[in-house]
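Here are some short exercises, each with a worked solution. Take a moment with the sequence and the picture, then try each task before you read on.

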Amino acid sequence: MSEPFSIPQHLDQVRRRIADAELRFARTPGSVRLLAVSKTRSADEILAANAHGQRCFGESYIQEAVDKIAAITRADIEWHFIGRIQSNKTRLIAENFAWVHGLDSLKHARRLSDQRPEGLPPLKVCLQVNVDLARSKGGIEMADAEAAAKEIAALPGLSLEGLMTLPSWRESIEAQRAPFARLRQLRDRLATPELPLPTLSMGMSGDLEAAIAEGATTVRIGTAVFGPRNDS
Ligand SMILES: *Cc1c(COP(=O)(O)O)cnc(C)c1O
């Protein structure tokens, strides 16, 4: 018989991995934010993580997310949408989330800005860029990023916070670092005093060390916090 899966224990392990990577790669302690990816997880699992100090949760499936957000009315939870954006779902995203990672279309950006409710602060967004030379998992092309960033930054309902990427899986840490380094270099090229782009949303359960080595400020961690998923 195996032990029941302990979310607090796994959260502690992930926090230790993040702290170790910050130390190893000379990052400021505490500068990397943990986004717990709670897609497919129950409200009880989210509340177990929240009771252990986790505040930021990432969701990918909009209807599932909206149902959980309505059920879990805790003021200390911040909801991030990390899934694929569909045009007919932008209003639900604009109304229910504090952050959107994975914005990769100007059409969606304009809709999210128009649909952001008046009483809420601007929706924080990361522009998703395809830095994977081999295979695309979404994101705009690097050559188009500067023009897109400028247009998004001008939208009143959005606040452009930085860049996000989702490279395909690689085995070695050196291979994992290459696309993350490209995202950081792109951010360094695009950043200006008016648009500092402080956020680099990159790194998941299997490659968070590589992402932190290359400057990640938010890592998006599902499996290592909540256990294996059966959606993929
Ligand atoms: C599911 C998902 C994650 C989390 O992946 P894990 O390997 O479970 O940590 C991170 N980012 C995005 C965009 C995802 O869809």
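**Exercise 1: the ligand**

Which polar backbone atom is 2.8 Å from an oxygen atom of the ligand, and to which residue does that backbone atom belong?

Solution. Before we start: this is a predicted model, where local features need pLDDT of at least 70, side-chain atom pairs count only at pLDDT 80 or more, and totals for chains, interfaces and linings use all residues. Residues are numbered from 1 along each chain as its sequence is written, and side-chain values use heavy atoms, with hydrogens and water left out.

Step 1. Go round the ligand and list its neighbours, meaning residues with a heavy atom within 4 Å of it. Among them are V37, K39, S60, R220, G222 and R229.

Step 2. Look for polar contacts, which are pairs of N or O atoms within 3.5 Å; within protein, one must be able to donate a hydrogen and the other to accept it, and residues adjacent in sequence count only if both atoms are side-chain atoms. The backbone atom we want belongs to G222, 2.8 Å from a ligand oxygen. The side chain of S205 has an N or O atom 2.5 Å from a ligand oxygen, and a polar side-chain atom of R220 sits 2.9 Å from a ligand nitrogen.

Step 3. Check the cover. On its own the ligand has 390 Å² of accessible area (Shrake-Rupley method, 1.4 Å probe; for residues, only the protein chains shown count as cover), and the protein covers 87% of that.

**Exercise 2: the cysteines**

How many disulfides does the structure hold?

Solution. Step 1. Recall that a disulfide is a covalent bond between the sulfur atoms of two cysteines; here the test is a pair of cysteine sulfur atoms within 2.5 Å.

Step 2. Count them: there are zero. For C56, the nearest cysteine sulfur is that of C126, 12 Å away.

Step 3. Check burial: buried means under 20% relative accessible area, exposed over 50%, and partly exposed in between, with a 1.4 Å probe and protein chains only. C56 is at 5%, so it counts as buried, and C126 is at 0%, so it does too.

**Exercise 3: the aromatic pairs**

Which parts of the chain do the aromatic pairs tie together?

Solution. Step 1. Set the test: rings of Phe, Tyr and Trp (its six-membered ring) pair if their centres lie within 6.5 Å; planes under 30 degrees apart are stacked, over 60 edge-to-face, and the rest tilted. The structure holds two such pairs.

Step 2. F57 and W79 have ring centres 6.0 Å apart and planes at 40°, so this pair is tilted. Helices (H or I, at least four residues) and strands (E, at least two) are DSSP runs, numbered from the N terminus. F57 is in strand β2 and W79 in strand β3, so the pair links parts 22 residues apart in sequence.

Step 3. F81 and F97 are edge-to-face, at 5.4 Å centre to centre with 70° between the planes. F81 belongs to strand β3 and F97 to the loop between α4 and β4, so this pair joins parts 16 residues apart in sequence. Both F81 and F97 are buried.

**Exercise 4: two positive phi values**

Is L197 buried or exposed?

Solution. Step 1. L197 has a phi near 50°, positive in a residue other than glycine, and lies in the loop between α7 and β8.

Step 2. With a relative accessible area of 0%, L197 is buried.

Step 3. Now try A26, whose phi is near 55°. A26 is exposed, at 70%.
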